[in-house]
Each structure stands twice: as C-alpha cells, then as structure tokens.
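Open the model in your viewer and keep the selection tool at hand. The stops below say what to select next and what is there.

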Amino acid sequence: MRLFRLALLCLVFAAPLYAARLRQVAMIDLPGQPGFSAVAIANGHLLIAHSGADSVDIFNLAKRRVVATVKHVQGASGIAVDEQGGRVFLSSPDRRSIVTLSTETWDVQGMMPVQNEVEHVLYVPGTNRLYMSNARDHSVAYLDLADQKTVHKMEAGGMPDRLVYDPTKKLIYTTLQDQRAVAAYDLELKPVSKWTLKASQPTGLVLDANARRLYVAVRYAVVTLDADSGTELSRVGAPAGVDTLWLDQTSGTLFATSGGTVSIFKTRSGGLTREAELNMDVRSNSLAYDPESKLIYVPGAREGRSKLLILKPLEGNAVAFTSRHGKGAAEGQ
C-alpha cells in the first residue's frame, strides 16, 4: 500500500511538470459548426479546411483573426500550397472538384472537376502536377495542371491517406491505412515499394528528406522508418489516434495531435524522443506550426463551438514522465 501511494504521488506531480512544456497563448472563436481537416501556412496566413462548414478559413497570423472565408468547398478536406506560383489548392470531395486560390488576394481563381472524391492533395514543384488520394475508392491520382482535363488514376490496393513527396528519389509516399503499410510510387504512379508495418492504422506521414527518415503516425505510436529501405528504426508511444504530424526540420521538432492532446517529439539519429504533451480543452485532429512565431495552431471544437487554440512550446530540459498509454500502447498495436 505504501509503494502504491508513492507511485500515485509520482504520477500526480510528474504530469503537471510534463504538461508545463506547452503553454496556451489564446483561444479564438471561428465561425461555423465544428469539423476540421487539413491545415497549411501560406503567405503569413493559416488555412483551415473547415469541413463542418463546407468552407476554408483564412486566418491572418499577425492580426490573429479570420480575414477571408472560401465558401461552398463541400466536405473541405485537403490543402496543397504552390509557394512559387502563389496558389493554393483545396479539395472538395463532396463536390468532386479542386478549388484554386490566389495567396495574394485569397480570391478563387478557378474550380477543376476531378470526377473523384479527392481527400488529401499534394503539389509537387517542378512537375506542375497535383497528386491526390481517395480512400473512398482506394485510389491515388494526379492532375496535370497545364491542361486540367485528364485525371491519371491508379488503384492503390488499400485506403490511401496522407501524401508526401521525396525530392531526392522523386517518389510519392502514402500511408495505406487498412493495409498497415506505406507505399511508394514514381511520378507516373507506378508502384515502386510497399512496406508493411508492425502496427495498425497508419495515417499521418512526414518526410525528413535530409536525414532520410519517414515518420508515420500509427495507433498509439509514431514509427520512424528509413526512407530508402523502409526498415523500422524506432517507435515511440503516442496518444491513441494520432492523425496529424508536422515536422519543423530547422529545430528538429515533430508535432502531433490526437483528439484532445498535442505532443512534441525531438528527432535524433535513431528516431524520436518524446519531449512534451498537453491535454487541451479543444478536441482536434489538425495542427500547424509557424517557425517564425514558434507558435502551434490547433483548430477544433469546444462545447459544440469552433475554436482555434494557439500554443507556445516552452524552452527547458525535458521532464521525465510516466506514460498513460500502457505497454501495449507504447508498442504501437
């Protein structure tokens, strides 16, 4: 009994210290019903795919307010940014179309029919192509933006989720959620590799091209893969249902969100170390990090209302903690 009480006290005092590595800066009201998907940063603004309102909110990072709303983006899901071209591409799966915005004026430049319920999108510089995933019909595809007429579609053999581009090998990677796998395709979408994971439900995916590491969100963990061989290098426990990963290569920091939790990891040669975690008042599966202000932006729901939570990582040494997720969770079942 004495040992049990001591262990309980350790848990009580360690959790607040651990959570103190993240501080809430602001919580801002957003218009419309809750329900959010992808987020992106372009030209000093945060773009939020607001699926619950069939719109995309344009949030000015300096002014901290919504300055524009793109309406009628039915089922708003994916966002892809063409920085050099000053364009943003928004997927509207329920309308089977892609909406194009100007990053200068935030005006709609056009709408391209794609005949598919496209969810996640990826713009690849130098190809003038927009790559797309569709978990509903198990396909990946690309649209040549020069003609905007033909969608080149390929059966994925599973439910593709996030997409990333490897500029070194000129490959497109995607997670196949129902296949416990990461698949790689060339730019023509010819299959190159398929790596089966010892984990379930892979969703979020980011690439550190310089270090040749792929970070994959799976159930209860984040797995580090060698980007060339697909070999698992490490895994670290994470809250259940981690969906979104965001990598800041300059600081070597990986951010993750799941439900009501934001986690911070540090990259290292062998994989990741877990640095901080905060349980939020906002329920969310989306997150963005602005390296200029060093702030984290989390759109989500609180008491049935749409909110944007702004967090700031605090400097200091990592604090030891006891995982709440148990042995099975840490193993990434």
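Start with R274, which is buried at a relative accessible area of 12%; buried means under 20% relative accessible area, exposed over 50%, and partly exposed in between (1.4 Å probe, protein chains only). Before going further, note that this is a predicted model, in which local features need pLDDT of at least 70 and side-chain atom pairs count only at pLDDT 80 or more, while totals for chains, interfaces and linings use all residues. Residues are numbered from 1 along each chain as its sequence is written, and side-chain values use heavy atoms, with hydrogens and water left out.

**Stop 1: the partner of R274**

Add E277 to the selection. The side chains of R274 and E277 meet in a salt bridge at 2.2 Å, N to O. The term stands for a side-chain nitrogen of Lys or Arg within 4 Å of a carboxyl oxygen of Asp or Glu. E277 counts as buried because its relative accessibility is 6%.

**Stop 2: the sheet β22-β23-β24-β25**

Now select residues 271–279, which make up strand β25. Strands here (E, at least two residues), like helices (H or I, at least four), are DSSP runs numbered from the N terminus. Which strands share the sheet with β25? The open sheet has four strands in the order β22-β23-β24-β25, and the pairing is antiparallel. β22 (244–248) and β25 each have a single partner strand, so one side of each is left without a neighbour in the sheet. From one strand to the next the twist averages 20 degrees; axes are lines fitted to C-alpha atoms, for helices over the stretch in contact, and angles run from 0 to 180 degrees between N-to-C directions.

Inside this sheet, select β23 (residues 253–258) and β24 (residues 261–268), which pair in the antiparallel sense over six bridges. Two strands count as paired if DSSP finds at least two bridges between them. To see one bridge, pick S258: its partner in β24 is T261.

**Stop 3: the sheet β6-β7-β8-β9**

Go to residues 79–82 for strand β6 and 108–113 for strand β9. These are the edge strands, each pairing on one side only, of an open sheet of four strands in the order β6-β7-β8-β9 with antiparallel pairing. Here the twist averages 20 degrees from one strand to the next. β6 pairs with strand β7 (residues 87–92) in the antiparallel sense over four bridges. A80 is a residue to click on, with F89 in β7 as its bridge partner.

**Stop 4: R96 and a charged network**

Select R96, in the loop between β7 and β8 (97–102). R96 is not a glycine, yet its phi is positive, about 50 degrees. With a relative accessible area of 42%, R96 is partly exposed. Which residues join R96 in a network of salt bridges? Add D94, E117, E119 and R136, which are linked with R96 in that network.

For another positive phi, jump to D54, a residue other than glycine with phi near 50 degrees. D54 lies in the loop between β3 (45–50) and β4 (55–60), and counts as partly exposed because its relative accessibility is 31%.

**Stop 5: N134 and its surroundings**

Select N134 in strand β11 (residues 129–134). Is N134 buried or exposed? It counts as buried, because its relative accessibility is 2%. The side chain of N134 reaches the backbone nitrogen of R136 at 2.9 Å. That is a polar contact: a pair of N or O atoms within 3.5 Å where, within protein, one must be able to donate a hydrogen and the other to accept it, and residues adjacent in sequence count only if both atoms are side-chain atoms. Leaving out residues up to four places away in sequence, N134 touches N116, E117, E119, S139 and P160, where contact means heavy atoms within 4.5 Å.

**Stop 6: salt bridges across the chain**

Stay in β11 and select R129 with E188, whose side chains meet in a salt bridge at 3.0 Å, N to O. The pair links distant parts of the chain, 59 residues apart, with E188 in the loop between β16 (181–185) and β17 (191–196). R129 counts as buried because its relative accessibility is 14%, whereas E188, at 49%, counts as partly exposed.

Finish with D166 and R212, whose side chains form a salt bridge at 2.7 Å, N to O. This pair also links distant parts of the chain, 46 residues apart: D166 is in strand β14 (residues 160–166), and R212 is in the loop between β18 (205–208) and β19 (213–218). Both D166 and R212 are buried. The count of salt bridges comes to 15.
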